[in-house]
Amino acid sequence: ITVLVDKPTAKVSPNMWGIFFEDINFAADGGLYAELVKNRSFEFLSPLMGWKEVKHDGGSGSTLIINRGEANSNNPRFARITVKSASGSYGLENEGFRGMGIEGGKQYNFSVFARQNSGATKIKIQLLGTDNKILGEAALQNFTDQWNKYSVSFNSTATDAKAHLAVLFEGEGVLDVDMISLFPKDTWKGRPNGLRADLAQKLADLKPGFIRFPGGCIVEGRDLANRYQWKKTVGKVEDRELIINRWNTEFSHRSAPDYFQSYGLGFFEYFQLAEDIGAAPLPILNCGMACQYNTAEVAPLDQIDPFIQDALDLVEFANGPVTSKWGKLRAEMGHPAPFNLKMMGVGNEQWDVQYLDRYKLFAKALNAKYPDIKLITSSGPSPSGAQFDYLQKELRVQKANFLDEHYYQSPDWFMQNASRYDGYDRNSSKIFAGEYAAHIKEPKTAKDAETMNAWISALAEAAFMTGLERNADVVQMASYAPLLAHVEAWQWRPDLIWFDNLRSVATPNYYVQKLFANNKGTDVVPALMDGKILAGKDSLYSSAVIDKTNRQLIVKIVNTSSKPMPVKLSLQNGPAYGKATWTELSSANDLDINTLNDPQRVYPAETALASADLGKSPLKLKPKSVNVIKVS
Ligand code: AHR
C-alpha cells in the first residue's frame, strides 16, 4: 500500500464519527439516566406499576392514586398514603428497572415531594438487597401541609445488582407523596439528576464528533400525540410530562410493558452531555409525521406551524440570549452560555413523499431565521428502492445540506459497499450516515444478549468505514446505531454498548468505532494499491489520514480474508518519520463477542513499530483484522 502523504484530497469534518442516542433498550430510563426508581411519579399507564404494597409489624394502611387534572396537567397523579395503625409500618416498595444496581460504600440520595394532610407521618427509607437485607436506611419527618421536596442521603453497606427500595410510612395520618426518587451521588460529573458515570464515560472515550438525539423512531412516536416534544423535556424535572415509550411492548423482542419516558434525561441534559464530551449537538425533531411502522399519521400541511415553531424555539433554547424566552429557561436551568447548536435534523426515516412538502416548509422557516443552522433531511434506509431514490433526488434538488442514510445490512453488504461514495457527485448534498450496523443471522445456539455483536459484524463495518473516511468531503458525519442496550430489557440488536445494572461492556463494534473516531485526523490522503483505491481487492480495505495538528499519519487497513496478509506500507514524499505504533483488533472466530462476564475477548492490542522498517519489511496482518498504523 502506497500512501501519498503530501497529497491531501479532502478535509475530515470535525464532526466525523459521532454517536446516535435513542431511548431504546432502556438506554435512558433504566440506563444512562441514573434514576433508580421506576415510575417515580405514578404516571405509568398503571399507576402502581413497579410498586408493591408492604406491611410490617402489624402496620396497616392504603394507597389512593389521585389525579389533579388541570391543576398539574404535566404531572397529574400523586399517591395519597393513609396509615391506619399507630404501630408498625405500611409502605410501598419499588423494584427499580430490572432491580436497582447499588454499590457498597457509595452514597445514595433519596428525595420525595410530600404534603401532610392529617396526623404526623414519618417516612422510613430502606434500601434492600436481593436477600431483603438492609443495605442502607434513612428517615424523613415533619412534613408541612404544603407540597415540598424533602431529601436525605445514606450510604450503602454492600454491592447488589438487584436491590430494591422500601418507602415505609409510620404513624397514623394521611400523607400525599409524589416524585419518589433515588440517585447515586456519584453520577457523571457529580450532577444532580445526572447520568450513570460508567456509561457516560464510555461515550466520552469515543471522543465523538457529534451526538444525535433523541433518536430514531421515538422522535416520530407511535402517533403524533406520543411524539417526542422537546419542550416537555426541559425545565423542572417534576414538571416534565411522561409519555409511553415508542419501544414499549409492541415492538419488543423482550417484553417491556413498563417502558416509559420520564424525560428526566431531556434536551437540556443532552446538550450538556454533548458539551461535556466535546461532541456537537445534533437534535432530530418531529416534522409532523408519526412512525411509519406504527400509525404513520401525518399532520395536515395547514397545521404544521407548531412543529416548525418547536424547531425555531429550539435554536433559541440552545443559542439564544438569556433575555429571550427560551434562552432564559436555559440560563435558569444552569447554563447561561449558549450550547452552540449548528445543525438540526428534520424528521427521522420519513419514507413517504409527503415528507417533501413538510421539509420545504421547515427549511423555508429555518433558513429565513437561522441561515447558519444546517439541516439534516431524512431519506430512509439504504439500499434504496424507487421511492427512496425519488425522495433523495428531490431533496438534492432542494439543495438539502445533508441526507441521512440508514443501513442495517449484512456483513457482506458492508464489505461490498466500501466504495459506495467513491463516485458520489461532489456538488450534491452531503451525507450523514446516521444509523448503521452490520446484522448477522442469529446463531441458533446463542444465549448471550450480546450475541449479535459478533466480531464479523465489526470487521465488516470497519471495511465499510474506510470508504466513509476516504470520502470525507462527502460523508461528514456517521454514527453506529443503536448505542446502548440493557441485557435484560433490549428491543433491538446489535447495539454498541451493553450493560446491566452495575456493569457495561464495549462490543467489538465499539472498538472499531473508537479506533476510527480516536484516529480521525484532519485530512484524507490517498492509500493506493497499484495506483488504485483499495476497497476489497485481495480482501483488503484501506484509508489514510494525516493529522496536521499532531503531525501524524494514520493508516487503516482491514483484512477481511481468513488468511494472514503481508502488506508493505510505503509512505511517499513524507517528512522524516518518528515513533510508530500498530494497533490490531482481531479475533479467532467470526462469532466471537464481548460479554459482561468476558468483556475483552475482542480487544485492541498496540505494539511499537520501528518506523525505519516501514516500507522495508511487510506488516503481517492477521486474518480478519482491523489495523491502525500511526506514524509520528
Ligand atoms: O436504531 C433503531 C431504529 O432503527 C431507529 O429508531 C430507527 O430510526 C431505525 O429504524
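This tour proceeds through a predicted model, one selection at a time.

**Helix α3**

Begin by selecting residues 267-276, which form helix α3. Eight of its 10 residues are buried, so the helix is largely enclosed by the rest of the structure. To display the buried set, choose Phe267, Phe268, Glu269, Tyr270, Phe271, Gln272, Leu273 and Ala274. Next add the elements against which these residues pack: α1 (197-205), β15 (210-213), β18 (280-285), α4 (305-319) and α5 (325-332). After α3 comes Gly278, with a positive phi near 70 degrees.

**Helix α4 and its two partners**

Two packed helices are described by the angle between their axes and the distance between the axes. Keep α4 and α5 in view: their axes lie 7 Å apart and the packing angle is about 45 degrees. That angle makes α4 oblique to α5. The crossing of α4 past α5 is right-handed. On the α4 side, select Asp313, Glu316 and Phe317; on the α5 side, Lys325, Trp326, Gly327, Leu329 and Arg330 make the contact. Coloured by character, these contact residues comprise three nonpolar, one polar and four charged.

Now replace α5 with helix α6, residues 354-369. Here the angle with α4 is about 30 degrees and the axes are 10 Å apart. Because angles under 35 degrees count as roughly parallel, α4 is roughly parallel to α6. This crossing, too, is right-handed. Ile308, Ala311 and Leu312 of α4 meet Leu361, Phe362, Ala365, Leu366 and Lys369 of α6. The contact of α4 with α6 has seven nonpolar residues, no polar ones and one charged.

**The ligand shell and two cis peptide bonds**

Which residues are around the ligand? Select Glu22, Ile24, Gly215, Gly216, Cys217, Asn348, Glu349, His406, Glu435, Ala481, Pro482 and Trp492. By character, this shell divides into five nonpolar, four polar and three charged residues.

Within the shell, centre on Ala481 and Pro482. A cis peptide bond joins Ala481 to Pro482, with omega about -15 degrees. Pro482 is placed in the loop between β23 (475-480) and β24 (484-486). Then move to Phe213 and Pro214, which are also joined by a cis peptide bond, with omega about 5 degrees. Pro214 belongs to the loop between β15 and α2 (217-220).

**Positive phi outside glycine**

Select Asn142, a residue other than glycine whose phi is positive, near 60 degrees. Asn142 sits in the loop between β11 (134-140) and β12 (148-155). Is Asn142 buried or exposed? Asn142 is exposed, since 9 other C-beta atoms lie within 10 Å.

Lys624 likewise is not a glycine and has a positive phi, about 45 degrees. Its loop runs between β36 (619-621) and β37 (625-631). Lys624 counts as buried, because it has 25 C-beta neighbours inside 10 Å.

**Two loop residues**

Go to Arg503, in the loop between β25 (497-499) and β26 (504-506). Arg503 is partly exposed, with 14 other C-beta atoms within 10 Å. Add Asp198 and draw the C-alpha to C-alpha distance: Arg503 and Asp198 are 305 residues apart in sequence and 7.8 Å apart in space.

Finish at Ser419, in the loop between α8 (411-416) and β22 (430-438). Ser419 counts as partly exposed, with 17 C-beta neighbours inside 10 Å. Beyond neighbours within four places in sequence, Ser419 is in contact with Gly467 and Ala535. A line from Ser419 back to Phe317, 102 residues away along the chain, spans 40 Å between C-alpha atoms.

Key: Residues are numbered from 1 along each chain as its sequence is written. This is a predicted model: local features need pLDDT of at least 70, side-chain atom pairs count only at pLDDT 80 or more; totals for chains, interfaces and linings use all residues. A residue is buried if 20 or more other C-beta atoms lie within 10 Å of its own, exposed if 12 or fewer, and partly exposed in between; C-beta atoms are placed from the backbone. Helices (H or I, at least four residues) and strands (E, at least two) are DSSP runs, numbered from the N terminus. Two residues are in contact if their C-beta atoms, placed from the backbone, lie within 7 Å. Axes are lines fitted to C-alpha atoms, for helices over the stretch in contact, and angles run from 0 to 180 degrees between N-to-C directions. Angles under 35 degrees count as roughly parallel, over 145 as roughly antiparallel, 65 to 115 as roughly perpendicular and the rest as oblique. A crossing is left-handed if the near helix is turned anticlockwise from the far one by less than a right angle, and right-handed if clockwise. Ala, Val, Leu, Ile, Met, Phe, Trp, Tyr, Cys and Pro count as nonpolar, Asp, Glu, Lys and Arg as charged, and the others, Gly among them, as polar. A residue is near a molecule or strand if its C-beta atom, placed from the backbone, lies within 6 Å of it.
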